[in-house]
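This report concerns salt bridges and burial in a single structure. Please consult the sequence and the coordinates shown below.

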Amino acid sequence: MTSRTRQQDIAPSVSEALRLMKQAVQSSLDLGDINPQSVCKAVGMTKPQLSSWLTTTSPSPHWDAKVAEWLKQAQARALSANGAQHRGASSSVSSKGSGKAAKASQPAKASPSGGASAKAATSRESTPGGKGVQAGGKASTEQSVRRLKQDLLELETYIPWTAVSSAWQSKRAAWERKTCAAGDAGCVVQQLLALERFLLPCAFEARWSAGNEWRARLLRQNSAADVKQSLRELEDAMHWARFGAHSTLVERYEQLLTSRAGEQLERLGARRLAQVRSTIDSFGYAGLADMAQDCIAIAGGAEGAGAELRELRESICAALGVPLTDALLRLPAKGARSTDASDDLSSTTSALAAAPDDADGGGGGEAGG
């Protein structure tokens with residue numbers, strides 16, 4: 001078999017895999033199993049881009065890879081949650097009367113027509129008076145807590161590593177297990193607070209000025225609905241647009257480093273060029289144009305004819321994939337904005353690297369498993 005024949009055989013299988021992946025995503029969206037906003041946040045696309053990706057039949061390497069990775073992470077998270085629920089069920093068998101263990105043993109996703117709802121219906125039919133209604137309310141509360149835990153786990157999955165303290169890497173597994181095993185809204189509150197403590201300031205669109213008030217209010221909440229509202233408040237304050245742009249900025253930065261323009265910038269200011277990368281990781285750039293401005297500012301230190309400086313700026317923009325606008329062309333020679341951002345990031349990371357050792361929920365939550 002020739003190389004061309006093998007490539008022809010592989011191409012249809014790749015197209016079929018992409019078609020099935022898009023079909024799975026569309027089906028999940030139609031059934032309400034996943035939220036389109038969640039997909040968009042996870043992969044950094046807009047809703048129109050998601051709609052376009054779902055309907056197009058041609059490959060889109062950038063989005064195909066990102067959606068595939070998101071699906072893989074979502075599946076791993078679901079398996080992890082189910083495993084924790086099964087462990088909780090085994091524990092509840094050996095310790096009857098533990099209401100929280102029993103609640104934690106419920107399936108991660110219960111169908112409205114089965115599970116807790118069916119149990120509530122049976123209770124109403126077989127018990128007199130209002131006992132059935134009470135059982136139904138309990139089942140509804142348990143389902144609300146399960147959904148709240150799923151929302152919190154999903155939120156954590158979408159937050160990039162550069163938006164959390166380095167200490168989170170060693171705390172995450174225990175935090176995830178304890179979140180899965182949380183039996184009521186109060187336990188979930190402790191897990192949400194634990195996650196928030198490890199978020200860096202750069203994770204937010206503006207300084208998390210509402211943080212103290214938000215924490216105090218959260219500690220007073222004991223219903224899943226109220227806690228979910230606080231979770232959404234935290235989520236809405238995050239830099240989702242910049243999270244989504246991060247991979248593109250890193251890719252273009254790497255392209256710049258391997259170009260002739262990048263070699264020149266290394267000679268002109270290697271430290272300042274490294275600070276550009278720090279600013280990318282601290283989500284200090286709104287887009288490629290901002291990054292180009294800092295790189296061109298480094299080039300502004302070059303001595304020589306105007307034509308040579310213009311050529312260097314053009315090469316930088318070409319490597320980054322942005323047009324050389326008049327504003328960039330007239331940019332004066334000055335220090336890159338990334339210097340302050342990098343210094344701030346370094347001090348912030350140092351301060352938060354020693355965050356509390358109770359990432360699994362602190363003293364207020366209950367250990368799971």
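Buried means under 20% relative accessible area, exposed over 50%, and partly exposed in between (1.4 Å probe, protein chains only). The model is predicted: local features need pLDDT of at least 70 and side-chain atom pairs pLDDT 80 or more, while totals for chains, interfaces and linings use all residues. Residues are numbered from 1 along each chain as its sequence is written, and side-chain values use heavy atoms, with hydrogens and water left out.

The whole structure contains 10 salt bridges (a side-chain nitrogen of Lys or Arg within 4 Å of a carboxyl oxygen of Asp or Glu). Three of them are tabulated here.

| Pair | N to O distance |
|---|---|
| D151 and K228 | 3.3 Å |
| E196 and R215 | 2.9 Å |
| R277 and E254 | 3.3 Å |

D151 belongs to helix 7 (residues 131-158) and K228 to helix 11 (residues 224-236), so their salt bridge ties together parts 77 residues apart in sequence; helices are DSSP runs (H or I, at least four residues), numbered from the N terminus. D151 is buried at 14%, whereas K228 is partly exposed at 35%. Both residues are also linked with R232 and E235 in a network of salt bridges.

E196 is buried, with a relative accessibility of 4%, and its partner R215 is partly exposed at 26%. In the third pair, R277 is partly exposed at 24%, and E254 is partly exposed at 36%.

H246 lies in helix 12 (residues 240-257) and counts as buried because its relative accessibility is 16%. Leaving aside residues up to four places away in sequence, H246 contacts (heavy atoms within 4.5 Å) T162, I280, D281 and F283.

Definitions and conventions
Helix = DSSP H or I, 4+ residues; strand = E, 2+ residues; numbered from the N terminus.
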